[in-house]
Amino acid sequence: MVERGGDRARAVGRLTFPLSGDVQRVVGITGAPGAGKSTLTDHLIAAARDSAGAVGVLAVDPSSPFSGGAILVDRVRMQDHALDDGVFIRSMATRGHLGGLALAAPEAVRVLAAAGLPVVLVETVGVGQVEVEVAGAADTTVVVVTPGWGDSIQANKAGLLEVADVLVINKADRPGAAETRRDLDHMLDMNVNMGDWRPPIVMTTASAGEGVDALWSVLDDHLEYLRASGQLEERRRRRLIDELSHVLVRRLEADVRSLAAGRRWEEISEEVAARRLDPYAAAEELIGTLPAGSAELP
Ligand SMILES: Nc1nc2c(ncn2[C@@H]2O[C@H](COP(=O)(O)OP(=O)(O)OP(=O)(O)O)[C@@H](O)[C@H]2O)c(=O)[nH]1
Ligand SMILES: [Mg+2]
């Protein structure tokens, strides 16, 4: 329902929102296609299951127009847990929701949190703006790269290194892992806005389960750091306030669309085109025609 948006999604949101604040941790895992995010997530599910009892997983694919989970299940690679009722896995791809995945993902995370899952893992594919936004919905963001220059450069360009709390070099069994580590270290050295948490770099070979324990313990360190510094609370507050702005913008965009489809639009835009009315005055006049609380949330 959250995926599809509309009235039902709003109703779900009203129910789950007050119940969603107790989640212990939300961990985002992002990086280029095929970097090994799902293989890693698969191991993290086991670690989360051991340490917290139950875990929810949301696999988000902004590049796919498909919805409903089934299509993505083969990309999710978490079949081992399919029969485990302490593990809930869901793929998400549609954008029927107001604001697309950037807004649907945090809402879906809240549904999982409200269901009482103490740990939520969010896997996002790719290195675009949406991924950066979805990654920002987590308490701890893990950016996965693979050996070779390309991946880390891409991640850097896409702004992913800036949102990374933990960097993983997966496929460490492949040549070039040590060089990639050096490159990442170098990029971190150049990041002046880092604050007092320098993202640790963890080497993993997810396909063999290697380095996963070390990754989990780094995730624990980061959670501890967030708690001790007051940042866990602060980040969550900030995310909700950012979400409010985002929702507001989408809501106003809906108003603009309804104006552009409305009766007065044609007349007023003709006035502007004929230079009888300037665009600012025209905009004011159009806004004046909006009935209060007009446009429906898509
Ligand atoms: N050599 C090697 N291969 C790995 C490792 N981890 C994962 N793979 C392989 O890499 C391929 C992609 O793994 P996935 O876990 O599906 O990667 P992903 O990042 O989730 O992929 P998308 O969700 O499609 O973006 C699979 O064939 C894995 O078996 C590793 O540490 N070393
Ligand atoms: Mg995957």
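K171 is located in the loop that joins strand 6 to helix 8 (177–190). In this predicted model, the phi angle of K171 is near 65°, a positive value in a residue that is not glycine. Most residues other than glycine have a negative phi. With a relative accessible area of 22%, K171 is partly exposed, because the partly exposed class lies between the limits of 20% and 50%. A positive phi, of about 60°, is also found at R275, again not a glycine. R275 belongs to the loop between helix 11 (263–273) and helix 12 (279–288), and its relative accessibility of 78% places it among exposed residues.

The strands form an open sheet of seven members in the order 3-2-4-1-5-6-7, and their pairing is parallel. Strand 3 (87–92) and strand 7 (201–203) occupy the edges; each has a single partner strand, so one side of each lacks a neighbour in the sheet. From one strand to the next, the twist averages 20°. Strands of a sheet pair through backbone hydrogen bonds. Within this sheet, strand 2 (residues 55–60) and strand 4 (residues 119–125) are paired in the parallel sense over six bridges, and V57 stands opposite L121 of strand 4.

Helix 9 (residues 212–228) packs on the sheet, where it touches strand 1 (25–31), strand 5 (140–145), strand 6 (166–169) and strand 7. The direction of helix 9 makes about 125° with that of strand 1. The 17 residues of helix 9 should span 24 Å at 1.5 Å a residue, and the C-alpha atoms at its ends are indeed 24 Å apart. Buried residues of this helix include V212, L215, W216, V218 and L219, together with H222, L223, Y225 and L226. Their cover includes strand 1, helix 2, strand 5, strand 6, strand 7 and helix 10 (231–260). Just after helix 9, G230 adopts a positive phi of about 80°.

A magnesium ion (ligand 2) is coordinated by S38 through OG and by E123 through OE, at 2.1 to 2.2 Å. These two residues bring together distant parts of the chain: S38 lies in helix 2 (residues 37–52) and E123 in strand 4, 85 residues apart. S38 has a relative accessibility of 6% and therefore counts as buried, since the buried class covers values under 20%. E123 is likewise buried, with a relative accessible area of 6%.

Methods
Residues numbered from 1 in each chain as written. Chains lettered and ligands numbered in written order. Predicted model: local features only at pLDDT ≥ 70, side-chain atom pairs only at ≥ 80, totals over all residues. Heavy atoms only, no water. Pairing = 2+ DSSP bridges. Helix = DSSP H or I, 4+ residues; strand = E, 2+ residues; numbered from the N terminus. Axes fitted to C-alpha atoms, helices over the stretch in contact; angles between N-to-C directions. Contact = heavy atoms within 4.5 Å. Donors = N, O, S within 2.8 Å, 3.2 Å for Na, K, Ca; no water. Buried < 20%, exposed > 50% of the residue type's maximum accessible area, 1.4 Å probe, protein only. Expected span 1.5 Å × (residues − 1).
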